[in-house]
Amino acid sequence: EIEKKKGGTGKFLQAIMIMIFGLLFVFLIGKASLNQSDILCSNVEVDIKDESILQFITKADVIKIANASEEGILNNRKISEIDLITVEKKLEENEFIDNAEVYNNFEGIIKIDIVQKKPLYRVINNNNVSYYISEKAHRIPLSTNFTPRLIVATGFIPDLEDISKDEINVNLKQLIDFIRADKFWNAMIGQVEVKQNKDFVLIPKLKGHTVLLGSVENLDEKFDKLGTFYKEALKRTDWTKYKEINLKFKGQLICSK
């Protein structure tokens, strides 16, 4: 009977301790929440993904843009009074930023994570208008900070903000996506020219000839034929011997000297 009383007392004390710790936990959480509302922004830290590869925008640029939002200058402001979503939206309006994440920690530091738009190729059209097209088909302006080495697209390319509904631009991106997906062709092709009749011409980095591709139909077949020609025929002759390689017509490869 004495052992039963001891067991009951132990369980009672255990229940009391659990209740006390529970109340203490609730108190500390409540206090932290109250204190959190008074925390000032002590610093703004910026992390830019692939910063060493893409340099369209700097950390100083990001902080300047964030401070120019409707929320105003962030430092020494109560974090609870700052709408971080508004700051995010302001950053994502920038032509070089693909995505922005803005959040804070319990130490009063606002953190900004930036993903830049990634350029796929550069356009220099027949009107000498120049810009980049991103991997997501967004238009990116030229930058004084950074000039990436990319395939250049020249010629009769319509100058449009939204390229998704334009046949030439859609086909051009399809072609350049195809080239960049292959290690050999990405190293070989330096320029794509768009003719007035909408034909595509490949200009290899090894000067001496051009490749008349025609349309973007049957790209696998056309590039297979061109690859075979490079690996076999050009082993035995000079690269500069041919002026043009014509792949425009299905099933044919025609060389002009």
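This passage describes strand pairing, the largest pocket and the aromatic contacts of a predicted model.

Strand β8, spanning residues 189–194, takes part in two pairings. On one side of the description stands strand β7 (residues 151–155), which runs parallel to β8 and is joined to it by 4 bridges. Within this pairing, T154 of the parallel arrangement is placed opposite E193 in β8. The other pairing involves strand β9, formed by residues 200–204; here the two strands run antiparallel, and 5 bridges connect them. I189 has P204 in β9 as its bridge partner. Between β8 and β9 the hairpin contains 5 residues, and K198 adopts a positive phi near 80° in this hairpin. As a general property, side chains in a regular strand alternate between the two faces of the sheet.

I189 also belongs to the lining of the largest pocket, together with R149, L150, I151, R180, N186, G190 and K205. The space within this pocket amounts to about 210 Å³. By residue class, the lining comprises 3 charged, 3 nonpolar and 2 polar residues. Strand β7 contributes I151 to the lining, and β8 contributes both I189 and G190.

Aromatic contacts were examined next. The model contains 8 aromatic pairs. One of these is formed by F184 and W185, whose ring centres lie 4.9 Å apart; the planes meet at 75°, and the pair is therefore classed as edge-to-face, for which the angle must be over 60 degrees. The two partners differ in accessibility: F184 is partly exposed because its relative accessibility is 38%, whereas W185, at 6% relative accessible area, is buried.

W185 makes a further edge-to-face pair with F223, since the planes of these rings are at 70°, with a distance of 5.1 Å between the centres. This contact links distant parts of the chain, as W185 is located in helix α5 (residues 183–188) and F223 in helix α6 (residues 219–231), with a separation of 38 residues. Both W185 and F223 are buried. The contacts of W185 form part of a broader arrangement, in which F178, F184, W185, F223, F229 and Y230 make up one aromatic cluster.

A contact between a charged residue and an aromatic ring is also found in the model. R139 is positioned over the face of Y131, at a distance of 3.8 Å from the ring centre.

Note on methods
Residues are numbered from 1 along each chain as its sequence is written. Side-chain values use heavy atoms; hydrogens and water are left out. Two strands pair if DSSP finds at least two bridges between them. On a 1 Å grid over the protein atoms alone, a cavity is a set of points where a 1.4 Å probe fits but cannot get out, and a pocket is an open set with protein on both sides within 12 Å along at least five of seven lines; lining residues have an atom within 4 Å of a point. Grid points are joined across faces, edges and corners, and a volume is the space filled by probe spheres set on the points. Ala, Val, Leu, Ile, Met, Phe, Trp, Tyr, Cys and Pro count as nonpolar, Asp, Glu, Lys and Arg as charged, and the others, Gly among them, as polar. Rings of Phe, Tyr and Trp (its six-membered ring) pair if their centres lie within 6.5 Å; planes under 30 degrees apart count as stacked, over 60 as edge-to-face and the rest as tilted. Buried means under 20% relative accessible area, exposed over 50%, partly exposed in between (1.4 Å probe, protein chains only). A charge sits over a ring if NZ of Lys or CZ of Arg is within 6 Å of the ring centre and within 35 degrees of the ring normal.
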